[in-house]
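Hello,

I am passing a structure on to you. Please open it first, then read the notes below alongside it.

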Amino acid sequence: MNDSMKHYFSKKKIDMRTFTMVAILVILWVVFSYLTSNGFRTLGTSFLSSRNLSNLMRQMTIVAIMGSSMVLVMVTGGIDLSAGAVVGFIGCTAAGLQVFYSVGTLPTIIISLLLGMLVFVLQGSLIAYAGLAPFIVTLGGQLVFKGLVLAISKGATIAPLEDSLRYFGQAYISKTLTTVIGIAIILFLLMNEIQRRSGQRKHGTLFEPLQAMLIRWGITAVGILVAVYIMNSYRGMPVPVLIMFIISFLLTIVAEKTVFGRSIYAIGGNLDAAKYSGINVSKNLLIVYTIHGMMVAIAGLILAARLNAGTITVTNMNLELDAIAAAVIGGTSMTGGVGKVAGAIFGALVMASIDNGMSMMNMDAFWQYIVKGSILVAAVWFDMQTRKKGNA
């Protein structure tokens, strides 16, 4: 190890939180693989089978999409407790449009997206302009939309959906296209790293040795190639996973590369300073909740497409809590100002792994609540401890 690398590690510039979360995920996968197989010799036949891992990735998409925009909400210092109920509301509305009124898939999607945005424009307006607490507004919204789902469905399942809408929840893209997308993501990440280093060198802020950057990028590239191999070993990339990647990419650009993104981090970091610097806080908050509404609507459509139905049971799945947990596990601070979209995707993978592993072990449902709740509390505690050390 050369001097620059030693200096780099000595200054603790490595993201220890990311390292810890990756280690926890690996441990979870090894434990579930052992417990769902007949020993280490058959680890690849159960939890780690390509079919199960492909299904796991598809299962995580709903929480990942909701968690991605939940990051933006939480970065501003807000929270959304209504997302799960709105997902059920959008799903039942979309199913109702197709089953009761024979509305085509494209109009159904457009209406659903507009409806999701309208819902959060109303809630966002109460938060941004009326000054109501996000917790209260969205908790009330949760009850309202649970009631509306019950009114639409009358307690029954609304099905079936058209094949073209089910495509977004159940189809797969070809293995060739899956490989091309994986390689494109790797090359994009490399180009982004080169551009970032070039900018830091120009401004005299470059501290990361080239070897450290290459190691970090190499680990990420290997992870992507493994994911591509797993998906191609089954049926290729599920369409919901592709949608999740596109959304996470776009939201990452919005959060990290735009003036709007820097504004919402400033709002969450120090509200008074943001106001004094001329940021229109109310307008930016409303935009954040509107974007979140669109993402929740997309999640509702994908879930309805995957289930081939709109059903009230979705409102009892606590999806909003899973999305919040995914964001927190991925490094988003409950106090605002800190968080990344990519972290929420990783957090959703952790949550989906726990659900999937315990389901394969036929564990009682109450254990899932206990384990997921414990992990959420542990993630918040870990977040507080790392930030205390960072400020020390």
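**Cavity first**

The structure holds one cavity of 30 Å³ or more. Please keep in mind that this is a predicted model. About 40 Å³ of space lies in that largest cavity.

Which residues line the largest cavity? From the earlier part of the chain come Val87, Gly88, Gly91 and Cys92. The others are Gly300, Leu303, Ala304, Leu307, Ala309, Gly310, Thr311 and Val314. Two elements, α4 and α13 (281-307), each give two or more residues to this lining. By class, the lining has seven nonpolar and five polar residues. No charged residue takes part in the lining of the largest cavity.

**The second largest pocket**

The second largest pocket holds about 580 Å³ of space. Its lining counts 25 residues. Nearest the centre of the pocket are Met317, Asp322, Asp355, Gln368 and Lys372.

Which helices supply at least two residues each to the lining of the second largest pocket? They are α3 (50-75), α13, α14 (319-329), α15 (341-360) and α16 (365-391). So α13 appears again, having also given residues to the lining of the largest cavity. The pocket lining splits into 14 nonpolar, seven polar and four charged residues.

**Helix pairs**

Three packed pairs are worth a look on screen.

Start with α4 and α5. Helix α4 covers residues 83-101, and helix α5 covers residues 105-128. Their axes lie 10 Å apart, at an angle of about 150 degrees. That makes the two helices, α4 and α5, roughly antiparallel. Their crossing is right-handed. On the α4 side, the contact uses Val86, Phe89, Ile90, Thr93, Ala94, Leu97 and Gln98. On the α5 side, it uses Thr105, Thr108, Ile111, Ser112, Leu115, Gly116, Val119 and Phe120. Nine of the contact residues are nonpolar, six are polar and none is charged.

Next, α8 and α9. Helix α8 runs over residues 175-203 and helix α9 over residues 210-234. Their axes come within 9 Å and cross at roughly 170 degrees. Parallel or antiparallel? The angle makes α8 and α9 roughly antiparallel to each other. This crossing of α8 and α9 is right-handed. From α8, the contact includes Lys175, Glu193, Arg196 and Arg197. Also among the α8 residues are Ile185, Ile186, Leu189 and Leu190. The α9 partners include Met213, Arg216, Trp217, Ile224, Leu225 and Tyr234. By class, this contact of α8 with α9 has 13 nonpolar, five polar and five charged residues.

Last, α11 and α13. Helix α11 spans residues 259-269. The axes of α11 and α13 come within 10 Å and cross at roughly 110 degrees. These two helices, α11 and α13, are therefore roughly perpendicular to each other. In α11, Phe260, Ser263, Ile264 and Ile267 make the contact. They meet Val281, Asn284, Ile287, Val288 and Ile291 in α13. Seven residues of this contact are nonpolar, two are polar and none is charged.

**One loop with two backbone features**

Finally, look at the loop between α6 (134-153) and α7 (163-170), where Pro160 lies. A cis peptide bond joins Ala159 and Pro160, with omega at about 0 degrees. Lys154 lies in the loop between α6 and α7 too. Which sign does the phi of Lys154 have, positive or negative? The phi of Lys154 is positive, at about 55 degrees, although Lys154 is not a glycine.

Best wishes

Conventions: Residues numbered from 1 in each chain as written. Predicted model: local features only at pLDDT ≥ 70, side-chain atom pairs only at ≥ 80, totals over all residues. Heavy atoms only, no water. Axes fitted to C-alpha atoms, helices over the stretch in contact; angles between N-to-C directions. Helix = DSSP H or I, 4+ residues; strand = E, 2+ residues; numbered from the N terminus. Parallel < 35°, antiparallel > 145°, perpendicular 65-115°, else oblique. Left-handed = near helix turned anticlockwise from the far one by under 90°. Contact = heavy atoms within 4.5 Å. Nonpolar A, V, L, I, M, F, W, Y, C, P; charged D, E, K, R; others polar. 1 Å grid on protein atoms, 1.4 Å probe; cavity = no way out; pocket = protein on both sides within 12 Å on 5 of 7 lines; lining within 4 Å. Points joined across faces, edges and corners; volume = space filled by probe spheres on them.
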